[in-house]
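Okay, thanks for squeezing me in. I'd like to walk you through one model today, going from the overall layout down to a few residues. Let me put it up.

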Amino acid sequence: ETDTREGRSFSSNRNSIKIEHEDGTVAHYCVLKASSIMVEEGDIVYPGTPLALAGTYDGQKYETRIFITYKILKQQDYEHFKESLTSSVYIDPVFATDQGNTRLSSNQSYRAVQTDEMAKAEMNKRELKSLRKTAGK
């Protein structure tokens, strides 16, 4: 199924998720286990929210691939006006792991860590209030 209303796109036939953040970055999560996605289009995703289970790329080891991008405006080129006026830039993030804050390397295993302080640092006041209400249920 594919839905492209209101400038959004959604496909239930893929094992990937894209999450748009308020700062303009987009996180792309790929190689997810089939039918394991735990969020839906329009959900507010808080830090620490489970998204899906890791899938297998080669059928042997579990992995998830994460790409973080943001759009930049390109200089307008009237000769190639039909080309996009934006370009994606990839970010090489640092992750909090049980080995400390690190940039991930290929073919290595990591265990993510998250403290309440880390999660709360990513939230605005309204999100913190909503989270407290949800936690109180």
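So, let's start with Val39: buried or exposed? At 15% relative accessibility, Val39 is buried, because the cut-off for that is under 20%. And before anyone asks, yes, this is a predicted model, so read everything I say with that in mind.

Where does Val39 sit? You'll find Val39 in the loop that runs between strand E4, residues 25-30, and strand E5, residues 55-56. If you leave out the neighbours within four places in sequence, Val39 is in contact with Ile17, Val45, Thr49, Pro50 and Leu51. Look at Leu51 in particular: Val39 and Leu51 are 12 residues apart along the chain, and their C-alpha atoms are 5.9 Å from each other.

Okay, zooming out for a moment. The protein chain has two helices and 10 strands. And the order is easy to remember: from the N terminus on, you go β-β-β-β-β-β-β-β-β-β-α-α. There are 137 residues in the protein chain, and 18% of them count as buried. As for surface, the chain exposes about 11500 Å², with carbon and sulfur atoms supplying 48% of that. One more global number: take the contacts between residues at least 6 apart in sequence, and 28% of them join residues at least 24 apart.

Now back inside. You'll know the general idea that nonpolar side chains in soluble globular proteins tend to be buried together. Which residues make up the largest nonpolar core here? There are eight of them: Ile17, Ile19, Ala27, Tyr29, Leu32, Val39, Leu51 and Ile68. Strand E3, that's 17-20, and strand E4 each put at least two residues into this core. So our loop residue Val39 is a member, and so is its contact Leu51.

Have a look at Ile17 while we're there. Not counting residues up to four places away in sequence, Ile17 touches Ala27, His28, Tyr29, Leu32, Ile37, Val39, Leu51 and Ala52.

Let's stay with the loop between E4 and E5, as there are two backbone details to flag. Val31 lies in that loop, and its phi is near 60°, a positive value in a residue other than glycine. Ser35 belongs to the loop between E4 and E5 too, and the phi of Ser35 is likewise positive, near 60°. Their surroundings are another matter: Val31 counts as buried at 15% relative accessibility, while Ser35 is exposed, with a relative accessible area of 80%.

Val31 also leads us to a charged residue, Glu63. Again leaving aside neighbours within four places in sequence, Glu63 is in contact with Val31, Ala54, Gly55 and Tyr57. Glu63 is in strand E6, residues 62-63. At a relative accessible area of 18%, Glu63 is buried, since buried means under 20%. What does its side chain do? The side chain of Glu63 is joined to that of Arg65 by a polar contact of 2.8 Å.

Last stop, the outside. Tyr70, Ile72 and Ile91 make a nonpolar surface patch of about 220 Å². Tyr70 is in strand E7, which covers residues 65-73, and Tyr70 is partly exposed, with a relative accessible area of 33%.

That's my tour. Happy to rotate the model if you want another look at anything.

Terms used. Residues are numbered from 1 along each chain as its sequence is written. This is a predicted model: local features need pLDDT of at least 70, side-chain atom pairs count only at pLDDT 80 or more; totals for chains, interfaces and linings use all residues. Side-chain values use heavy atoms; hydrogens and water are left out. Patches are made of residues with over 30% relative accessible area and no salt bridge: like charges are joined within 9 Å, nonpolar side chains (Val, Leu, Ile, Met, Phe, Trp, Tyr) within 5 Å. Accessible areas come from the Shrake-Rupley method with a 1.4 Å probe; for residues, only the protein chains shown count as cover. A salt bridge is a side-chain nitrogen of Lys or Arg within 4 Å of a carboxyl oxygen of Asp or Glu. Helices (H or I, at least four residues) and strands (E, at least two) are DSSP runs, numbered from the N terminus. Buried means under 20% relative accessible area, exposed over 50%, partly exposed in between (1.4 Å probe, protein chains only). Contact means heavy atoms within 4.5 Å. A polar contact is a pair of N or O atoms within 3.5 Å; within protein, one must be able to donate a hydrogen and the other to accept it, and residues adjacent in sequence count only if both atoms are side-chain atoms. A nonpolar core is a set of buried Ala, Val, Leu, Ile, Met, Phe, Trp, Tyr and Cys residues joined through side-chain atoms within 4.5 Å.
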